[in-house]
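This report describes the interior of one protein model. Please keep the structure in view while reading the sections below.

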Amino acid sequence: TENEAMLGRRNPQRSLFSAQNLPNQVDPDSFYGRMGAVSDRLFRDDDLAHMYCPDNGRPSLPPSLMAGVMLLQFFDDVSDSEAVQRTKYDLRWKVALDLPLDFPGFDPSSLSVYRDRLVEHGEERYAFDRFVEVGRKAGFIPDAASILTDTTNVNGAGAVQDTYTLLRKGVRKLLRELGYHLPGQRRGLSEKTRQLVETYVDQDQKADIDWRDPEARAEQLKVLVDDVRAALTLATEHTDNPEVRAVGWLLTKILGDDVVIDEDGDPQIGKGTASDRIISVTDPEMRHGRKSGSRCFNGFKTSVSTEASSEMILDIMDVPAPGSDGAHLMPMIERVGANADVTVERVIGDGAYGSGDNRAACANRPDHAIDLVSPIRRPPDPEVHKSAFDIDLENQRATCPQGHTVTGRKRKDQQGEPILKFFFDRSDCEACPLFSRCVRSKKAGRSVTTHRHEGILQEARERQETDAFKELYRLRGRVEGKIAELVHHGLRNTRYVGEKKRQLQRLWTAAAVNLKRLFKLAEAENVDLGAVLGAPSPCEMALAPG
């Protein structure tokens, strides 16, 4: 079987019909030409030998060849079938992979098997980590790194479904996990259960009702909710099965997020949208997201972090679509330090990363402080914003823009951390020309509450007005350019369902972009990239003179 395949190796003897041996029109300075120049050492079969059986099964397709095909597949953003076609008929791919002109290709399913094998053995980072390591060895990536970070929205692989479809597909999925799609599991079922199975497993069709009729929709929702509860009751007898538990949880969450029970005990579609609402049974990890007030998407956000001087990607990771980008800053810093073997000395990101908590976490790291270059967003009405008040933390006093000073009162925030709250007299506020814009209360005067890291935020506001900050912050545009490059290579459209396979797509797309960058850096710095990649492969040694 494929799981019992032995390690296959590339033939050390280059074919007389190799595309590299014959005159061709592939530009040697193109990505394909440069990849072909180092194809014999770009990937090594022995690197992935542990993924194969040492003494049993038929020889696999060489993993170094499959890695090269996958890299080109993500570089050109093509399907498995198209990738195989290009190995057979595209001269650029033949040169890049050092293939003979008569290369017969292979079955497209081999790419799927190879991806599964990478995921199974925890090698989805193989190409990405290899090229980052090459960048480090070549001196392109410094030991102390400045990181540019941002996120972009990506589409999920599943279809976005409404509540009715989510419930119907969820029941079907649960019944199949319980085994009711198999004839042997249907013996002895009650009439009610048999009807449930036939409706959702055998038919799986949208109800034939007038969907424009509110009463018909309400009646159908009631039927669906009753069937969901019946399916969940059946699942209680199989809680030892983790797959059944997972689908049962999924169906319960859909019911809880989307459906409410009215005063008459009838189910109704709930108003509003839960922040973590499931939107697809096909890809349950997809969520509604928003990159701006007017720009919504369905899927995930992908965090991209590059090193400032080399512009190589050091980290790429899917994060949940809802929520702030800043929540993922510190985990990113830890991943970059561990995976790229660099010391992160500075991070440059937009205002989403510049929270007081993030600034404090960067400043108070036990090993070394990190300089977080992130602006504090401008308030919509700066004349009456908290930043317009002169807050003296040491003396616990605050002075409003009109010169009124009050002493703060000690309070605690929701995390139990000490803060100060300042209360201004309403009579003073009413005499102020900014009263209508400044005071929201109908009885009291203006109040101002400090953040638990107010001092750090004050320093940040002062710093972002300096020329030095503005010069550093301009570098952030480079990560936006890198994201645009990733999108060009297919980042926006997710191919696979499941976190590990999604991450494989992100990493190999980033690996292709990083290799392209390595070629440019090597040319600019006059570095022999082949020598940095490692010793010659058996193929090159077999062809060497003598």
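**Cavities in the model**

A cavity is a set of grid points where a 1.4 Å probe fits but cannot get out. The model examined here is a predicted one, and it holds two cavities of 30 Å³ or more.

The largest cavity contains about 140 Å³ of space. Its lining is made up of 15 residues, and C400, Q402, C429, C432 and C438 are those that lie nearest the centre. Two helices, α14 (426–430) and α15 (435–438), each supply at least two residues of this lining. By class, the lining of the largest cavity comprises 11 nonpolar, two polar and two charged residues.

The second largest cavity holds about 50 Å³ of space. Its lining consists of Y164, T165, R168, K206, A207, W211, Q220 and L224. At least two lining residues come from each of α8 (163–177) and α10 (214–235); α8 gives the most, with three residues. Four of the residues lining the second largest cavity are nonpolar, two are polar and two are charged.

**Cysteines and disulfides**

A disulfide is a covalent bond between the sulfur atoms of two cysteines. In this model the count of disulfides is zero. C429 and C438 are both among the residues nearest the centre of the largest cavity, yet they are not bonded, because the sulfur of C429 is 6.1 Å from that of C438, its closest cysteine sulfur, whereas the rule requires the two sulfur atoms to be within 2.5 Å. C429 has a relative accessible area of 10% and is therefore buried, since buried means under 20%.

**Nonpolar cores**

The largest nonpolar core has 94 residues, and L71 and W508 are those with the most contacts inside it. Helix α19 (residues 499–525) provides the largest share of this core, with 12 residues. Which residues does W508 contact, leaving aside its neighbours within four places in sequence? They are A67, M70, L71, F74, L118, E124, Y126 and A127.

A second core, separate from the largest, has 30 residues, including V197, Y200, L224 and V228. L224 also appears in the lining of the second largest cavity.

**The second largest pocket**

A pocket differs from a cavity in being an open set of points. The second largest pocket in this model has about 240 Å³ of space. It is lined by D276, E285, R287, F300, M317, D318, V319, P320, A321, E499, R502 and Q503.

Strand β6 (313–319) and helix α19 each supply at least two residues of this lining. Helix α19 is also the helix from which the largest share of the largest nonpolar core comes. Sorted by class, the lining of the second largest pocket has five nonpolar residues, one polar residue and six charged residues.

**A buried serine in a loop**

S60 is found in the loop between α2 (39–42) and α3 (63–76). Is S60 buried or exposed? Its relative accessibility is 10%, so S60 counts as buried. Apart from its neighbours within four places in sequence, S60 is in contact with A5, M6, L7, G8 and Y52.

Definitions and conventions:
Residues numbered from 1 in each chain as written. Predicted model: local features only at pLDDT ≥ 70, side-chain atom pairs only at ≥ 80, totals over all residues. Heavy atoms only, no water. Core = buried A, V, L, I, M, F, W, Y, C linked by side-chain atoms within 4.5 Å. Buried < 20%, exposed > 50% of the residue type's maximum accessible area, 1.4 Å probe, protein only. Helix = DSSP H or I, 4+ residues; strand = E, 2+ residues; numbered from the N terminus. Contact = heavy atoms within 4.5 Å. 1 Å grid on protein atoms, 1.4 Å probe; cavity = no way out; pocket = protein on both sides within 12 Å on 5 of 7 lines; lining within 4 Å. Points joined across faces, edges and corners; volume = space filled by probe spheres on them. Nonpolar A, V, L, I, M, F, W, Y, C, P; charged D, E, K, R; others polar.
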